[in-house]
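User: I would like a close look at one part of this model, namely the salt bridges around the first helices. Please take the partners in turn and describe their surroundings.

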Amino acid sequence: MKQPQLGQKIQEWRKAKGMTQEELVEKCNINVRTIQRIEAGEVMPRSYTVKAILEALEVSPSEVNHPENTEQSSDSYKDLLPWLKWAFVAGIIYLIFAMVESVMDIQLLAGEKFAFLSFGFFYAFLKLSILVLFTIFTLGFHKLGQLFSNLLLKVMAVMLIVWTAIVLVEDVVTYWFGIDLVSGLILRSLISGVLYVLFAAAFLQLSRSKGASYIVVGAIGIVTGICFMSVVFAIPGLIFLTVFEIALVVLIYQEYKKLSPNELYNSFGKEPAIL
């Protein structure tokens, strides 16, 4: 059994004993931060660290080394890796397309008219492409939410996809049928703000076990959401949103590297040398 399943089982065994993390570390002579990282699935401890924890919890080593558990753990990583890889690629392409989209939307809101028919088809194609790319990108975080057992991250990833689909479809309908968009901008800004604040809060929840990168991403996301919620600072919020999305791309790349084939080999082949 390997991370994060091992950490989850240790947490389950500890709670079944009615022990706090502080009580556990007193019995196995390791620090609280180490236990927190192990239970969060952030690190894979050395064998003697696992042995000390199991002895403190009065758990048989056979429950950890069961072949079925190891196989399930390995398969879960193999299933996740393609999601993270494509989420990273989609995130990069999405950022490029989103910049083009922003320029076009600014021109349309400024009242510039594009009479030629081909522009309308290109505009619709661009919006559809962005929706597909954003969906793939954001599903990567939904998968991370599953891996880290973070309900908020899973739910908000789906909510962002749904809301983005609504906004992009509305943009296309507005262009083709000439619906006035201004009346809906305030509502858009408010809803987007709430969603991004909650989405960012999930990263702050994980930051205790996942480290500084999650704090940075969460903080940028919170600022982005607050800017949108204020409406007055919605334009600066777009700048923060770009920074936030770049940080998300970097974060998902980091998680992919942690679970790359070499790391998997260390986890499921040789004994890792982390703690």
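User: To begin with one partner, is Lys 17 buried, partly exposed or exposed?

Analyst: Lys 17 counts as partly exposed, at 41% relative accessibility, where buried means under 20% relative accessible area, exposed over 50%, and partly exposed in between (1.4 Å probe, protein chains only). This is a predicted model, in which local features need pLDDT of at least 70 and side-chain atom pairs count only at pLDDT 80 or more, whereas totals for chains, interfaces and linings use all residues. Residues are numbered from 1 along each chain as its sequence is written, and side-chain values use heavy atoms, with hydrogens and water left out.

The partner of Lys 17 is Glu 58, and the closest N and O atoms of this salt bridge are 2.9 Å apart; the term stands for a side-chain nitrogen of Lys or Arg within 4 Å of a carboxyl oxygen of Asp or Glu. Because Glu 58 lies in the loop between helix H4 (47–57) and helix H5 (67–109), and Lys 17 in the loop between H1 and helix H2 (21–28), the pair ties together parts that are 41 residues apart in sequence. Helices here are DSSP runs (H or I, at least four residues), numbered from the N terminus. Glu 58 itself is exposed, with a relative accessibility of 64%.

Helix H1 also contributes Arg 14, which forms a salt bridge with Glu 39 at 2.7 Å between the closest N and O atoms. Since Glu 39 belongs to helix H3 (residues 32–39) and Arg 14 to helix H1, this pair links parts that are 25 residues apart in sequence. Both partners are buried, Glu 39 at 6% relative accessibility and Arg 14 at 7%.

Within helix H1 (residues 5–16), Lys 9 and Glu 12 lie three residues apart, about one turn of the helix, and their side chains meet in a salt bridge of 3.2 Å, N to O. Here the partners are partly exposed, with Lys 9 at a relative accessible area of 28% and Glu 12 at 43%. In general, side chains of opposite charge can pair when their charged atoms come close.

The structure holds seven salt bridges. Beyond the pairs described so far, Glu 101, Lys 127, Glu 170, Asp 171 and Arg 188 are joined into one network by salt bridges that share partners.

Terms used: Helix = DSSP H or I, 4+ residues; strand = E, 2+ residues; numbered from the N terminus.
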